[in-house]
Amino acid sequence: MDHPLSSPLEPGPADHLGVAVPAPAAAAVAAPPAPEISVVIPAYNERENVVPLFDELREALARVGRSYEIVLVDDGSRDGTAEWAVREAARDPRVIPVLLAGNHGQSAAIAAGLRHARGAVIVTIDADLQNDPADLPRLLAALESADVVSGVRAPRRDGWVRRISSRIANGVRRGVLGDPLTDIGCSFKAYRREALEGIPLFAGAHRFLPALCMFRGARLVEIPLSHRPRRHGQSKYGVGNRLGRGLYDLIGVRWLKSRMLRYREREPR
C-alpha cells in the first residue's frame, strides 16, 4: 500500500477489526499509482443508499478532475451492502471494498478505511445520503488554505430532539476541550494526509478527528454544507446511545489533548 497511514492500528494482524485483507499480490505485479483523493465511506445496512450515493459522488469527482478511489467499508451489514460493494469493485477498479467481519462501529470502520486509503487528500462521508456529494468541490477548495476542513450542516434536516441534543453536546465539548468546532457530528470532512498521520485511533475517535488534528497544530476551517433528510433506512444513532458514551469519550480526549506531542522540525544550518 502506498503511503500507509501511521497509527496504533497499523502494526500486527488486522483481524482484531475483522478486516478482510486480500492476499498479497505477486512481487512482479506493480502496485497502481496512488490516487490524489481517497473517499472513505463507512456503511452499515445502507444498501438502498449506496447506489445513488456512488452516482452522485462520481459526478462530483468528475467535476473535480483529479484521480480518486472510493473506499467503501462495510461494517457487518446484513442487507447486501457488502455484496454490492464487491460487485461494484469488480466493475470499477477505483472502488476498494473493505469488509469487516462484524458490526464494530463507525470508528472502527473509519480506521479500517484510513488504513486502506492511499490518497494525498482523504475525504470522509456517511453512506446515508444526508450529505450532498455536490458539495465536494467546495470542501476541496477550502482545503487549499487549510489542513482539515470540517462541514457544518446548514440547515439541519433532523428532528428537533436531535438538533437540540447536538447543540448541547457541541457546547459541552467546546467548553471541555477548547476546540472551535460547531458541528462535530457532520461526517463530510476533508484532510490532508499528513494531518492524520500518527493520530491515535480509538472507539469514538471519528467524532474527534478534526479536533485532534488541530491540537497537533493543523490548520482547521469549517464551511457550511447542504444537509438532506434521510431517504432510506434508519439512523444508527440516537440521543440514548450517544450521551453516556460521548461524555466518557470526552474525558479520555481531554486527557489525550494534555499528553499529545506537538513539535516542528527545522533545517540544519
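This passage describes helix α1, its surroundings, and a few individual residues of a predicted model.

Helix α1 covers residues 47–64. Its 18 residues should span 26 Å at 1.5 Å a residue, and the C-alpha atoms at its ends are 26 Å apart, so the expected and computed spans agree. Several positions of α1 are buried, namely N49, V50, L53, F54, L57, R58, A60 and L61. In an α-helix there are 3.6 residues a turn, so residues three or four places apart point the same way. The buried residues of α1 pack against the strands β1, β2 (68–74) and β3 (95–99), and also against the helices α2 (81–91) and α4.

The pairing of α1 with α4 was examined further. Helix α4 comprises residues 136–143, and its axis comes within 9 Å of that of α1, with a crossing angle of roughly 45°. Because angles from 35 to 65 degrees fall outside both the roughly parallel and the roughly perpendicular ranges, α1 is classed as oblique to α4. On the α1 side, the contact is made by L57, A60, L61, R63 and V64, while α4 contributes L136, P137 and L140. By residue class, this contact consists of 7 nonpolar residues and 1 charged residue, with no polar ones. Of the α1 residues in this contact, L57, A60 and L61 are also among the buried positions of the helix.

Backbone geometry was considered next, beginning with the two flanks of α1. Most residues other than glycine have a negative phi. N45, which is not a glycine, nevertheless has a positive phi of about 55°. This residue lies in the loop between β1 (37–43) and α1. Just after α1, G65 also takes a positive phi, of about 75°.

A further non-glycine residue with a positive phi is L129, at about 70°. L129 is located in the loop between β4 (121–124) and α4. With a relative accessible area of 0%, which is under the 20% cut-off, L129 counts as buried.

A charged side chain was also examined. R153 lies in strand β5, which comprises residues 148–153. The relative accessibility of R153 is 13%, and because burial is assigned under 20%, this arginine counts as buried. Its side chain makes a polar contact with the side chain of D183, at 2.7 Å.

Technical notes
Residues are numbered from 1 along each chain as its sequence is written. This is a predicted model: local features need pLDDT of at least 70, side-chain atom pairs count only at pLDDT 80 or more; totals for chains, interfaces and linings use all residues. Side-chain values use heavy atoms; hydrogens and water are left out. Helices (H or I, at least four residues) and strands (E, at least two) are DSSP runs, numbered from the N terminus. Buried means under 20% relative accessible area, exposed over 50%, partly exposed in between (1.4 Å probe, protein chains only). A polar contact is a pair of N or O atoms within 3.5 Å; within protein, one must be able to donate a hydrogen and the other to accept it, and residues adjacent in sequence count only if both atoms are side-chain atoms. Axes are lines fitted to C-alpha atoms, for helices over the stretch in contact, and angles run from 0 to 180 degrees between N-to-C directions. Angles under 35 degrees count as roughly parallel, over 145 as roughly antiparallel, 65 to 115 as roughly perpendicular and the rest as oblique. Contact means heavy atoms within 4.5 Å. Ala, Val, Leu, Ile, Met, Phe, Trp, Tyr, Cys and Pro count as nonpolar, Asp, Glu, Lys and Arg as charged, and the others, Gly among them, as polar. The expected span of a helix is 1.5 Å times one less than its number of residues.
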